[in-house]
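Biologist: I would like to learn how to read the packing of helices in a model, and then how the larger parts fit together. Could we begin with the general idea and then turn to the case at hand?

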Amino acid sequence: MSVATETFPSLNPATGEPVAEHPVHDEKAVAEAVGRAREAADWWAALGWRERRLRLLNVKGALARNINRMAELIRQETGKPLADAQIEVVLAITQLDWAARNAQKVLGPRTVFPGLTALNHKCVLEYRPLGVVGVIGPWNYPIFTPMGSIAYALAAGNTVVFKPSEFTPGVGVFFAELVAGVVPEHQVLQVVTGFGPTGAALASSPGVDKIAFTGSSRTAKRVMAACAQNLTPLVAECGGKDSCIVDSDADLEAAADAALWGAMANAGQTCIGVERIYVVEDVYDTFLKTITDRARDLRPGFDREAVYGPITMPGQLDVIEGHIKDALAKGATAVVGGAESVRRPYVEPVVLTDVPDDSTAVCEETFGPTITVHKVKDLQEAVEKTNRVGFSLAGTIFSGSRSRAMDAARQVRSGMTSINAFAAFATVGALPFGGVGESGFGRIHGADGLREFTSPKAITRQRFALPMNLSSFDRTDKDMARLLQTVAMLHAKRYKR
Ligand code: NAD
């Protein structure tokens, strides 16, 4: 790689101390990394399903053996509690394991039935790797989130150039070292570090076959514009404004516990975090008391007893404070905390009620440990209000009725819903993860996540010639008559209910 003259430090957001210094990779350095990834791509694709599976399972093993080192690095760069960082690595391991074990089954060649008119052909469908995938990642879950793209892209037979967030470069660099230890022959995963321009160079590189972006919706639009230059396809995992809906017959203790965790864990810096709670009116008061009593006990900090850490990205503190102030100015009540809860770099828990629907705390992503709690008359109103914002990533429903919860889950406009628990879908390798609307498009995780990094290839092989050949200038009127007769027999009937 060309020598990057400029460097930048990653900082511990709790202490402000530097964690490590990293190069700012410029356009030339990114182009060189993409070039090396291109060279490695043919080798990695030719390695075959079995060998790639073995290598990726060994990468998983290396990560599992280094779980504490990785978690400590995540803690240093994000400020989150060590146990949260360990859980994050465990979830990343789960995704890596699923991708490695299922790639061949999902993407490998299979024979498909050709239909009666093409019975003389053997039809093969397979999913070919794209080549080089550029992964641009965020800082809030710096190993779990990009793993949803990196593991799936690698398992599908692509090589990867990863641009981690400027807040968490060390996590990316360390993971690439683990991969290099298991795959020393070629650089199948490279890391380029730096700020927005480094990501922009990757997105606009003509050598990249797909970009997997995870970050804010605002940046996703810039990335999409950069991708447009080369018609590079994009999967965009963006922000959210997810709701938790609490039905009248829900287990209120469990709902309050899950909603509070969903809202405040990781200091609320979770794309699928709970930002709004809609509670059916007859249980509203009981639920509100339960959640506020619990919220008052939560304390942020960087010590071992703290339940969540600081706000990792300093600029987000202004957004959080702005949302609280906007809600209060519009008539909301702070039942826990208030604008004074923002004590840089920490934000203490904030619970707001009577928040008008047009306030930023209800319709924009806050990304902090704040929640708005709303009274609704029934599940239907909760679903309608949930669907009013442009973000549509995920959500939670607590209900004692399986059918009512399932109906509501189907009506919520989002990519994922978890019933009677928070975000269970994110822990299941087999399930796709992604949003709609402002929350993005495309999927990571699961079979859809593997296919995201491939191109379907259809191959037909004629096994024997038919007595008539319709794709030939030798075709006769008799051949056409036979064809039309067959079509009438197969397709012309009327279907009755
Ligand atoms: P961000 O958009 O600021 O940055 C994301 C990445 O994009 C970083 O690596 C950054 O350096 C890079 N970048 C910035 N400008 C760029 C440009 N012009 N071209 C290319 N790359 C550029 O987001 P963030 O603050 O790091 O992450 C928080 C956001 O990510 C939140 O909105 C959160 O909801 C979202 N997120 C979504 C998911 C999901 O799966 N849907 C998961 C985690 C986080």
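Modeller: Angles under 35 degrees count as roughly parallel, those over 145 as roughly antiparallel, those from 65 to 115 as roughly perpendicular, and the rest as oblique. Please keep in mind that what you see is a predicted model.

Biologist: What angle do helix α2 and helix α6 make, and how far apart are their axes?

Modeller: Two packed helices are described by the angle between their axes and by the distance between those axes. Here helix α2, residues 48-65, packs on helix α6, residues 169-182, at an angle of about 130 degrees, and their axes are 9 Å apart. The pair α2 and α6 is therefore oblique, and the crossing of these two helices is right-handed.

Biologist: Which residues of α2 and α6 meet?

Modeller: From α2 come R55, N58, V59, A62 and L63, and these meet F175, L178, V179 and V182 of α6. By character, the residues of this contact of α2 with α6 divide into seven nonpolar, one polar and one charged.

Biologist: And how are α3 and α6 oriented to each other?

Modeller: Helix α3, residues 67-78, packs against α6 at an angle of about 160 degrees, with the two axes 8 Å apart. The helices α3 and α6 are therefore roughly antiparallel to each other, and α3 passes α6 in a right-handed crossing. On the side of α3 the contact is made by R69, M70, L73, I74 and E77, which meet P169, G170, V171, F174 and F175 in α6. The residues of this contact of α3 with α6 divide into seven nonpolar, one polar and two charged. Note that F175 is listed in the contact of α6 with α2 and is listed again in the contact of α6 with α3.

Biologist: At what angle do the axes of α9 and α10 cross?

Modeller: The axes of helix α9, residues 252-264, and helix α10, residues 281-296, cross at roughly 50 degrees and come within 9 Å. That angle makes α9 oblique to α10, and the crossing of α9 and α10 is right-handed. In α9 the residues L252, E253, A255, A256, D257, A259 and L260 meet V283, T286, F287, T290, I291, R294 and A295 in α10. The residues of this contact of α9 with α10 divide into nine nonpolar, two polar and three charged.

Biologist: Moving from helices to domains, into which domains is the chain divided?

Modeller: The chain is divided into domain 1, which covers 7-238 + 445-455, and domain 2, which covers 242-428. The C-alpha centres of domain 1 and domain 2 lie 30 Å apart, and the contact takes 23 residues from domain 1 and 23 residues from domain 2. The area buried between domain 1 and domain 2 is about 1,900 Å², of which carbon and sulfur atoms give 60%.

Biologist: Turning to the backbone, which peptide bond is cis, and where is L231 found?

Modeller: The peptide bond from R344 to P345 is cis, with omega near 5 degrees, and P345 is found in the loop between β13 (342-343) and β14 (346-347). L231 is found in the loop between α8 (217-228) and β9 (234-237), and phi of L231 is near 55 degrees, a positive value in a residue other than glycine.

Terms used:
Residues numbered from 1 in each chain as written. Predicted model: local features only at pLDDT ≥ 70, side-chain atom pairs only at ≥ 80, totals over all residues. Heavy atoms only, no water. Axes fitted to C-alpha atoms, helices over the stretch in contact; angles between N-to-C directions. Helix = DSSP H or I, 4+ residues; strand = E, 2+ residues; numbered from the N terminus. Left-handed = near helix turned anticlockwise from the far one by under 90°. Contact = heavy atoms within 4.5 Å. Nonpolar A, V, L, I, M, F, W, Y, C, P; charged D, E, K, R; others polar. Domains from an automatic or database assignment. Buried area = accessible area lost by both parts, 1.4 Å probe.
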